[in-house]
Amino acid sequence: MLLKKSRYSRNRNRWQYLFKPWQQIDLLLFLLPIVITMFGGFMILSTELNQDKDDWWWHLVVGGIGLILGLLIARSRYENLQKWHWVTYTLTNISLIAVMVIGVAAKGAQRWINVFGFNVQPSEFAKIGIIITLAALLHKRTADTLPNFFRALAVTAVPWALVFLQPDLATSLVFGAIVLAMLYWANANPGWLILLISPVVAAILFSIPWPWAEPYILSEELFFTPLGLIWSATMGLVGWRTLPGKRFALGGIGALVLNLLGGELGIFAWNHVLKEYQKGRITSFLNPELDPLGTGYHLIQSRIAIGAGTWFGWGPFNGPMTQLNFVPEQHTDFIFSAVGEQFGFMGGLVLLLGFCLLCQRLLYVASTAKDNFGSLLAVGVLAMIVFQMVVNIGMTIGLAPVAGIPLPFMSYGRSAMLANFIGIGLVESVANFRILKKY
């Protein structure tokens, strides 16, 4: 009996020693991406049954590689990244410049670098690079003052511009979501964040002739809409309340002028900067029936597929929209339409609940981190995943423009999958080193 107890004790100590580097990780935070990735591989397989493609297994292979990377990162001290954040930032920018020099072009954009026969998308890893850099900067100096606020924006502007010039509008939007979330978590004034995105809103309001609001046309390149003017005036009030110079209303005047200029620049960008496929993606979600065989085709077919699933769907490997290949790019950007058709409303709801639980764990780690650096890392990863999830699912059901943003852990995409697991690994490192137990 004593011999058995001694052997049991040795075996238990051996297992404890083996798993000791990961004893503090958030287990659910690792299990949820694994389950979602496996489900994503199953759904990709269902979309390729009647196609010439047979690469669904790559989704699982890359997911496995990402999991190993995440586990290795989780057992490493995340604090060490603070010493190397400028190196990370430099490598991020170099990789984005390399895309413009030696990148592989496809579908009107140059976003990939061929490495040993595989196309690698540096902009996906640039998200992680900017999260690390911003977390290190805001850890030292929070964004509660305007100099620190603009310092963080200036650092972000370089990789953001390089991504935008590829052109990769979708990933540049993800950058924006990450920066806004991390600045807010670093005590930035909410009014400053509103003013930061206000010129983009002004550009939209100035460019679109809304119902019952005829634009004031001064020339072909210069006109105003009532909603745009109301928005600009409102932002002037926000600037007056939150920016320095209240006595002479300098902040308010500056915010008003900035939004008026943003509106006019939006009109110029629409007419001279954006490519036709980008314009089509932006406008097709408002009324896809205007071009049902062109820019609106993806969205129309996706909505039909999701609607055909009703409550419980057609079942695995069934459903005419998926099996007859009516939905283009279904294994990548429109993978949620396959979920909706085969598993219905309830299946889509379960997937959404899984993502919500994943985000809750990320927020919990951010709230319980031992320092600001770890907390900001977790918030950056949270913003990256939440924004991609909301926009991707929104575009498949017609609530957002078709932006080419993958659904995390579900859509086929090697670089995106690795970047997501690296992000999870960073957050797990924050969780793993919150409290060190004695053994």
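Reader: Is Leu-72 buried, exposed or partly exposed?
Author: This is a predicted model, and in it Leu-72 has a relative accessibility of 48%. Buried would need under 20%, and exposed over 50%. The value for Leu-72 falls in between, so the residue counts as partly exposed.

Reader: Which helix holds Leu-72?
Author: Let's place the residue along the chain. Residues 56-74 form one helix, and Leu-72 is found within that stretch. The helix in question is H3.

Reader: What is the area of the nonpolar surface patch that includes Leu-72?
Author: Leu-72 shares this patch with Trp-57, Val-61, Ile-65, Ile-68 and Leu-69. Trp-57 is partly exposed, with a relative accessible area of 39%. Together the six side chains make a nonpolar patch of about 520 Å².

Reader: How are the rings of Trp-57 and Trp-58 arranged, stacked or edge-to-face?
Author: A pair of aromatic rings is described by the distance of the centres and the angle of the planes. For Trp-57 and Trp-58, the centres are 4.9 Å apart and the planes are at 25°. Planes under 30 degrees apart fall into one class, so the pair of Trp-57 and Trp-58 is stacked.

Reader: Which class does Trp-58 belong to at 22% relative accessibility?
Author: The limit to check here is 20%, since buried means a relative accessible area under that value. Trp-58 has 22%, so Trp-58 counts as partly exposed.

Reader: What is the angle between the ring planes of Phe-409 and Phe-421?
Author: Phe-409 is in the loop between H15 and helix H16, whereas Phe-421 is in helix H16 itself, 12 residues apart. Both of these residues are buried. Their rings form an edge-to-face pair with centres 5.2 Å apart, and the angle between the planes is 75°.

Reader: Which residue joins Phe-149 and Phe-150 in a cluster of rings?
Author: The structure holds 10 aromatic pairs. Ring pairs also link three residues into a cluster: Phe-149, Phe-150 and Trp-192. The residue you are looking for is therefore Trp-192.

Reader: Is Thr-37 buried or exposed?
Author: Thr-37 lies in helix H2, which covers residues 27-47. Beyond its neighbours within four places in sequence, Thr-37 is in contact with several residues, including Phe-409 and Phe-421. Its relative accessibility is 5%, and the limit is 20%, so Thr-37 is buried.

Reader: How many residues make up the largest nonpolar core?
Author: In soluble globular proteins, nonpolar side chains tend to be buried together. Here, Leu-183, Leu-407 and Met-410 have the most contacts inside the largest core. Helix H15, residues 372-396, gives the most to this core, with 12 residues. The full count for the core is 83.

Reader: Which helix holds Arg-361, the partner of Asp-26?
Author: The side chains of Asp-26 and Arg-361 meet in a salt bridge, 2.8 Å from N to O. Asp-26 lies in the loop between helix H1 and H2, so the pair ties together parts that are 335 residues apart in sequence. Both partners are buried. Arg-361 sits in a helix of residues 335-368, namely H14.

Reader: How far apart are the closest N and O atoms of Glu-79 and Arg-77?
Author: Glu-79 has a relative accessible area of 18% and so is buried. Arg-77 is partly exposed, because its relative accessible area is 34%. The two residues form a salt bridge, and their closest N and O atoms are separated by 3.3 Å.

Reader: Which residue joins Arg-77 and Glu-79 in one network of salt bridges?
Author: Glu-79 also meets Lys-370 in a salt bridge, at 2.7 Å from N to O. That pair links distant parts of the chain: Glu-79 is in the loop between H3 and helix H4, and its partner is in the loop between H14 and H15, 291 residues apart. The bridges share partners, and the network joins Arg-77 and Glu-79 with Lys-370.

Reader: What share of the residues of the protein counts as buried?
Author: The secondary structure comes to 16 helices and five strands. Among contacts between residues at least 6 apart in sequence, 72% join residues at least 24 apart. Of the 439 residues of the protein, the buried share is 48%.

How values were computed:
Residues numbered from 1 in each chain as written. Predicted model: local features only at pLDDT ≥ 70, side-chain atom pairs only at ≥ 80, totals over all residues. Heavy atoms only, no water. Helix = DSSP H or I, 4+ residues; strand = E, 2+ residues; numbered from the N terminus. Buried < 20%, exposed > 50% of the residue type's maximum accessible area, 1.4 Å probe, protein only. Contact = heavy atoms within 4.5 Å. Core = buried A, V, L, I, M, F, W, Y, C linked by side-chain atoms within 4.5 Å. Patch = residues over 30% accessible without salt bridge, like charges linked within 9 Å, V, L, I, M, F, W, Y side chains within 5 Å. Areas by Shrake-Rupley, 256 points an atom, 1.4 Å probe, with all protein chains shown as cover. Salt bridge = Lys/Arg side-chain N within 4 Å of Asp/Glu carboxyl O. Phe/Tyr/Trp six-rings, centres within 6.5 Å; stacked < 30°, edge-to-face > 60°.
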